[in-house]
Amino acid sequence: MEIIPTEKAFGAEIQGIDVRQIDAGEFESIYHAWLDHQVLLFRGQQLTDEDLIAFSRRFGELDDAPIQETGRRFVEGYPEIYIVSNVIENGEPLGSLGAGEACWHTDMSYLEDPPKASILYALEVPPKGGTTYFCDMYRAYDCLPDELRRRITSFTLKHDATYNSGGYVRQGTVPTDDPLDSPGHDHPLVCTHPETQRRLLYLGRRRNAYVRGLALSESEALLDELWSYATQEAFVWHSV
C-alpha cells in the first residue's frame, strides 16, 4: 500500500490496495491517512453493496442515508446507501440530485449529530465534467484575517434542513426561504476536530443558513464573506 499526497495541501491517493481484503493494520494506516489528508482517493475498486457497507462500517456506526425527494429509499435492504444519478428509467430517476450541479455542502450537517465522514463510490461517470470538489476547512479557518477569526469564535450557525445539495426540498419538509424560520440544528461556526484537535470552519451549506444572535442582514453578510474565503482555489482540490 502506498499513500501519495496530492500537490494541494490536502488529499491523498491510496494505491496498491483492495479495500475488500485489508487487514486491521492496513486499515489503521488508511484511517490515519484520512485524518492527516482529509480526503482519500482509491481507484479501480470493484465493490458490491455489501462490500461498500462493510468498508464504510470500519470507520464507525453508519447513519441511514436521507430519503430521496420522491419519498423512497434507493437500495432495498441497504438504507445506508444514497444514489446520486441523472439517469431516468421508465420515467423514474434512479437516484437523487438529477443533472444539476450540487452546491457546496457538508453531508447531513443539518442533523443534531452529523456523520463524521462520507464515502463516494463512483460506478458510472461522464467522459468529462461531473467533477467532485472538496474544500480544506482547516486551511480556510487558518487563513481568515485575524479580526474575522476572533469575531466568529463563539458564534453558532443553524444548518438548514429544508433543501438538499441539489436544491430539492427534503421529504417531509415544508418549503421555506426564510433563514430565521427554516428547520435545522445549530452547530458551532468554528469547531475543533475531536481526533486531530485542529480548528476548522463548519459552514454546512449556504442556503437558509443563519448565524444565531445576528440580524438577518448581518448574518447574510458574514456568511457571504466566510464562503468567499472557504471556496478560494487555494483551499480546493479535485481528482483528475
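Begin with the cysteines of this predicted model: the number of disulfides comes to 0. A disulfide is a covalent bond between the sulfur atoms of two cysteines.

Select C135 and C103 next. C135 takes part in no disulfide, and the cysteine sulfur nearest to that of C135 belongs to C103, 12 Å away. A pair would have to lie within 2.5 Å to be counted as a disulfide. C135 has a relative accessibility of 16%, so C135 counts as buried.

Now add C191. This cysteine is in no disulfide either; its nearest cysteine sulfur is that of C135, at 16 Å. Is C191 buried or exposed? C191 counts as buried because its relative accessibility is 18%, and the limit for buried is under 20%.

Leave the cysteines and select I152, L201, L203, L222 and L226. These residues have the most contacts inside the largest nonpolar core, which holds 27 residues. To see where this core comes from, colour helix 3 (137-142), helix 4 (146-152), strand 11 (190-192), strand 12 (199-201) and helix 5 (216-230); each of these elements gives two or more residues to the core. Which element supplies the largest share? Helix 5 does, with 5 residues.

Stay in this region and centre the view on L201. Leaving aside residues up to four places away in sequence, L201 touches M137, A140, Y141, L144, I152, L189, L226 and A230.

For the last stop, select L47, L52, F59 and I81. They are among the 20 residues of another core, which lies apart from the one around L201.

Conventions:
Residues numbered from 1 in each chain as written. Predicted model: local features only at pLDDT ≥ 70, side-chain atom pairs only at ≥ 80, totals over all residues. Heavy atoms only, no water. Core = buried A, V, L, I, M, F, W, Y, C linked by side-chain atoms within 4.5 Å. Buried < 20%, exposed > 50% of the residue type's maximum accessible area, 1.4 Å probe, protein only. Helix = DSSP H or I, 4+ residues; strand = E, 2+ residues; numbered from the N terminus. Contact = heavy atoms within 4.5 Å.
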